[in-house]
Amino acid sequence: MTDTHAPSASSASSTPPASSATPAASAPSPTRRSVVAAGAATAALLPLAATGQARAAGAPGDGPVFAHGVASGDPLPDGVLLWTRVTPSPDAVPGSGRGAPVEVSWEIAEDRGFSSVVASGRVTATAASDHTVRADVRGLRPATDYHYRFTAAGVRSPAGRTRTAPADGTTADRLRFGVVSCAHYESGFFAAYRHLAARTDLDAVLHLGDYIYEYGREEFPLGSGSVRAVEPAHETVTLADYRQRHAHYKTDPDLRALHAAHPVIAVWDDHESANDSWSGGAENHTPGAEGDWAARAGAARQAYFEWMPVRPATEGTVHRRLRFGDLADLHLLDLRSFRDEQAGAGSGDVDDPGRTITGRAQLDWLKSSLSASAAAGIRWHLVGTSVMISPVAFGSVPAYLLGPLAGLLGVPREGLAVNTDQWDGYTDDRRELLTHLRDNRIGNTVFLTGDVHMAWANEVPVRAATYPLEPPVATEFVVTSVTSDNLDDALGVPPHTVSAVAEAAVRAANRHTRWVDMDSHGYGVLEVTGERAQMDYYALADRTDPDSAVRYLRSYRAPSGTQRVERAPQALR
């Protein structure tokens, strides 16, 4: 179910416009802003400039085209949100504000051949919503695969596959999700998405943020150089910019394949707007030169909801709850819209109870939602958090690694045990949430995290200083980046070299960390059953190769009732 009791949050910059389409009646560090010298783009680039996107789909004449694929998201037991973007004429490129309104019909069927259509409707795509289309379909059967497509002026879109959630009050044997984050376009190809798209065993894909990056070309620390060019070439600041960036990402064939194959459940992190964003600004925003922050954040938010298959929660944020029968609730957080500005390096402000990462209303909602899930007998409480909640210390990391780690993690370069952009920078919120889990005996809570371009398996204590004498209250699985630079990338050294030294030092300084991999790019596959939650970690052979193979790294699991992490002997079958 979608939680209809998400809190209002007055600190949001703006509320997004109404969905661009409503279905007709239907059947039932240096800072990351620093410019790093990078090599020239290779001939393997796939630069589909905005002015050429309409023609890229091979549409005849001036007819409408579906150049950006189809997508679905936020599955419910009886419905799912469908998405596409139609280009009604060659001049109606994303962000242009041009193009006439066009009527788009949609249909959803139980079979690939669409001989058994169970719901259909029509919407009008207009320039006001960048000609994106959203149809929130209801009346479907739970735990069922469906196929969907769109049509405009006789031109039919590619077909997509989606799946509804299990019904309330029922217990699924298992749930299985792909888990991804941090896809910097210039740093590599999206082969991780291709491998997930090829899987036939997933209920959905969870995207934990940094779906797009706001930087201009070669403005992100690219330790090994850019491999392809992003559009627009400049940093995204305006509504037109963000629309063009989302559109350019969705010209990537592997990303389109992922969306066509599985429903996607997404939250944003900072790069959907600007690096290290908070409620009143961002590290990568210059007031005056780049306009008003509220206007920029509002533009980023509007483009996000136009271009993503995500239902906005109260006041246009992404925090919400999805229920998957009696097996799991997925609580999704917005950790950018309501937070206070990050504390300075080494500042005692990280412990200030007046500072927040969630905002008061969202933290109260999360605690209430977790308690309600436990009271309802839901077996697992999954929390999608875009930044790490586990405490991280770096006291024994060698000095020559502190600088690169600072660039990736936001930690003080002097090696203090604080990452002020993550929950480590807002310790009172973390203590309140974890104490709530402990005092109310809410077990089987699993935090699912991205952001840091590394893979981790953690036990989460209320206080790291008393671990392991004081048992953990939750577990955390962190997935690495799809493409964004990791430690060895940032240093410009071969894989599995200095990262091995840093991994050993981090494990030594953080006893609650059962495993960390600072070198790989890839994705995770999470399976939840009555007995355990298990994350399989996969790594790409080469992020710069569009045809990259993938290899299985290892698996960790949290047995039910333990709040502990242990290595699993094999991958999911």
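**Close-up views of a predicted model**

**Figure 1. Asparagine 510 in its loop.** Asparagine 510 sits in the loop that links α10 (498-509) with β20 (513-517). The model shown here and in the other views is a predicted one. Although asparagine 510 belongs to a loop, it counts as buried, at 2% relative accessibility. Look around the residue and you will find Pro391, Val392 and Ala393, which asparagine 510 touches when residues up to four places away in sequence are not counted.

**Figure 2. Helix α8 and the elements that cover it.** Here we turn to α8, a helix of 13 residues that runs from 427 to 439. At 1.5 Å a residue, this helix should span 18 Å, and the 18 Å between its end C-alpha atoms agrees with that. Of its 13 residues, 10 are buried, so α8 is largely enclosed by the rest of the structure. If you would like to pick them out, the buried residues include Thr427, Asp428, Asp429 and Arg430 towards the beginning of the list, along with Glu432, Leu433, Leu434, Thr435, His436 and Leu437. What lies over them? The cover for the buried residues of α8 includes one helix, α6 (360-375), and the strands β17 (445-449), β18 (455-460) and β19 (474-478). Do follow the chain a little past the helix: just after α8, arginine 441 adopts a positive phi of about 55 degrees.

**Figure 3. Helix α5, from its start to phenylalanine 305.** The helix in this view, α5, covers residues 293-307. Its 15 residues reach 21 Å from the first C-alpha to the last, close to the 21 Å expected at 1.5 Å a residue. At the start of α5, aspartate 292 brings a side-chain oxygen to within 3.1 Å of the backbone nitrogen of alanine 294. The helix as a whole is mostly covered, with 13 of its 15 residues buried. Further along α5 comes phenylalanine 305. Is this residue buried or exposed? Phenylalanine 305 has a relative accessible area of 5%, which is under the 20% cut-off, so it is buried. Glycine 316 is a handy landmark here: it is 11 residues from phenylalanine 305 in sequence, and the two C-alpha atoms are 8.6 Å apart.

**Figure 4. The largest cavity and its lining.** This view is centred on the largest cavity, which holds about 170 Å³ of space. Its lining is made up of 15 residues, and those nearest the centre are Trp268, Ser273, Ala297, Arg301 and Ser337. Two elements, β12 and α5, each give two or more residues to this lining. Which of the elements gives the most? That is α5, the helix of the previous view, with five residues. Sorted by class, the lining is a mixture of six nonpolar, five polar and four charged residues.

**Figure 5. Valine 267 and its contacts.** Valine 267 belongs to the loop between β11 (264-266) and β12 (277-278). With a relative accessible area of 0%, valine 267 is buried. Its contacts, leaving out residues up to four places away in sequence, are His207, Leu208, Gly209, Glu272, Tyr304, Val318, Arg320, Leu332 and Leu333. Leucine 208 deserves a second look: it is 59 residues from valine 267 in sequence, yet their C-alpha atoms are 5.5 Å apart.

**Figure 6. Helix α3 and histidine 246.** Nine of the 11 residues of α3 (residues 239-249) are buried, so this helix is largely enclosed by the rest of the structure. The buried residues are Asp241, Tyr242, Arg243, Gln244, Arg245, His246, Ala247, His248 and Tyr249. Focus now on histidine 246, a member of this helix. Its relative accessibility of 0% places it among the residues that count as buried. Setting aside neighbours within four places in sequence, histidine 246 is in contact with Tyr211, Ile212, Ala303, Tyr304, Trp307 and Met308. From histidine 246 to methionine 308 there are 62 residues in sequence, while the C-alpha atoms of the pair are 8.7 Å apart in space.

**Figure 7. A polar contact from arginine 321.** Our last stop is arginine 321, in strand β14 (residues 320-324). At 6% relative accessibility, arginine 321 counts as buried. What does its side chain meet? The side chain of arginine 321 makes a polar contact, at 3.2 Å, with the side chain of serine 369.

Definitions and conventions:
Residues are numbered from 1 along each chain as its sequence is written. This is a predicted model: local features need pLDDT of at least 70, side-chain atom pairs count only at pLDDT 80 or more; totals for chains, interfaces and linings use all residues. Side-chain values use heavy atoms; hydrogens and water are left out. Helices (H or I, at least four residues) and strands (E, at least two) are DSSP runs, numbered from the N terminus. Buried means under 20% relative accessible area, exposed over 50%, partly exposed in between (1.4 Å probe, protein chains only). The expected span of a helix is 1.5 Å times one less than its number of residues. Contact means heavy atoms within 4.5 Å. On a 1 Å grid over the protein atoms alone, a cavity is a set of points where a 1.4 Å probe fits but cannot get out, and a pocket is an open set with protein on both sides within 12 Å along at least five of seven lines; lining residues have an atom within 4 Å of a point. Grid points are joined across faces, edges and corners, and a volume is the space filled by probe spheres set on the points. Ala, Val, Leu, Ile, Met, Phe, Trp, Tyr, Cys and Pro count as nonpolar, Asp, Glu, Lys and Arg as charged, and the others, Gly among them, as polar. A polar contact is a pair of N or O atoms within 3.5 Å; within protein, one must be able to donate a hydrogen and the other to accept it, and residues adjacent in sequence count only if both atoms are side-chain atoms.
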